Amino acid sequence: MLCLNDRAADFFRVMDRVRRAWRDLTPCDSLNKSQLRTLMEISRQTQRLEQETGKSTGVPLSVLASSMNLSLPALSQRMRTLEDLGYIERVPDPSDRRVIGLRLTCEGEQSKKEAHERFNLLLTDTLDRLGPENSRQLIELLSLLAQAFEDAGRQDREQHTPEDTL
């Protein structure tokens, strides 16, 4: 039977524990973390577009997908859920009716604000328990870990890509 070395096994256990603890943290009863992130990004992109154009139009799905690094199908499904919850609405672009934008409803804006405040408190309290220096180090190390995983994934895909697709 194959076994991980002690360091890898310890790492695996801790990461699994972190994953479960992170999964159980919710910003509020009506929103999960990915939905909150989406509402925050719609709000951010809406402000950016208003500053650039001077118009209050919705955010095109393609712009949102690009800024969130998500595929259109994955984001479309999330948008349907948020729309069903009454947090976003679809609005046609006045200059091109084929383009549909997304914007927060009043209920979506309020839920985003409440969830953001609650989640910010949860995270701040958690980081305060670690102290400023440990928090800074943790963030730096997690950033390095994310980069190492991204690099390893990229290398693995390159090694396992059939030559006829190159």
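In which sense do strand β1 and strand β3 pair, and over how many bridges? Before we trace that, keep in mind that what you are looking at is a predicted model. In this model, strand β1 (residues 59–60) and strand β3 (residues 96–104) pair in the antiparallel sense, over two bridges. You can find one point of this pairing at P60, whose bridge partner in β3 is G101.

Now move to the other neighbour of β3. Strand β2 (residues 88–93) is joined to β3 by six bridges, and these strands also run antiparallel. Here G101 turns up again, as the bridge partner of V91. Another bridge links D93 with D96 of β3. Follow the chain from β2 to β3 and you will trace a hairpin, with two residues between the strands.

Put these pairings together and you have an open sheet of three strands, in the order β1-β3-β2, with antiparallel pairing. The strands β1 and β2 stand at the edges and each has a single partner strand, so one side of each is left without a neighbour in the sheet. As you look along the strands, it may help to recall that in a regular strand the side chains alternate between the two faces of the sheet.

Next come the helices that lie across the sheet. Helix α2 (residues 33–53) lies across β1, β2 and β3, running at about 120 degrees to β3. Helix α4 (residues 72–84) lies across β2 and β3, and its direction is at about 110 degrees to β2.

Helix α2 has a helix partner too. Two packed helices are described by the angle between their axes and the distance between the axes. For α2 and helix α3 (residues 61–68), the angle is about 115 degrees and the axes are 10 Å apart. The crossing in which α2 passes α3 is right-handed. On the α2 side, the contact is made by R37, T38, E41, I42, R44, Q45 and R48, while α3 brings V63, L64, S67 and M68. Sorted by class, this contact has four nonpolar, three polar and four charged residues.

Finally, turn back towards the start of the chain to meet helix α1, which covers residues 6–24. Its 19 residues reach 27 Å from the first C-alpha to the last, close to the 27 Å expected at 1.5 Å a residue. Look at the start of α1 for a small detail: a side-chain oxygen of N5 comes to within 3.1 Å of the backbone nitrogen of R7.

Terms used. Residues are numbered from 1 along each chain as its sequence is written. This is a predicted model: local features need pLDDT of at least 70, side-chain atom pairs count only at pLDDT 80 or more; totals for chains, interfaces and linings use all residues. Side-chain values use heavy atoms; hydrogens and water are left out. Helices (H or I, at least four residues) and strands (E, at least two) are DSSP runs, numbered from the N terminus. The expected span of a helix is 1.5 Å times one less than its number of residues. A polar contact is a pair of N or O atoms within 3.5 Å; within protein, one must be able to donate a hydrogen and the other to accept it, and residues adjacent in sequence count only if both atoms are side-chain atoms. Two strands pair if DSSP finds at least two bridges between them. Axes are lines fitted to C-alpha atoms, for helices over the stretch in contact, and angles run from 0 to 180 degrees between N-to-C directions. A crossing is left-handed if the near helix is turned anticlockwise from the far one by less than a right angle, and right-handed if clockwise. Contact means heavy atoms within 4.5 Å. Ala, Val, Leu, Ile, Met, Phe, Trp, Tyr, Cys and Pro count as nonpolar, Asp, Glu, Lys and Arg as charged, and the others, Gly among them, as polar.
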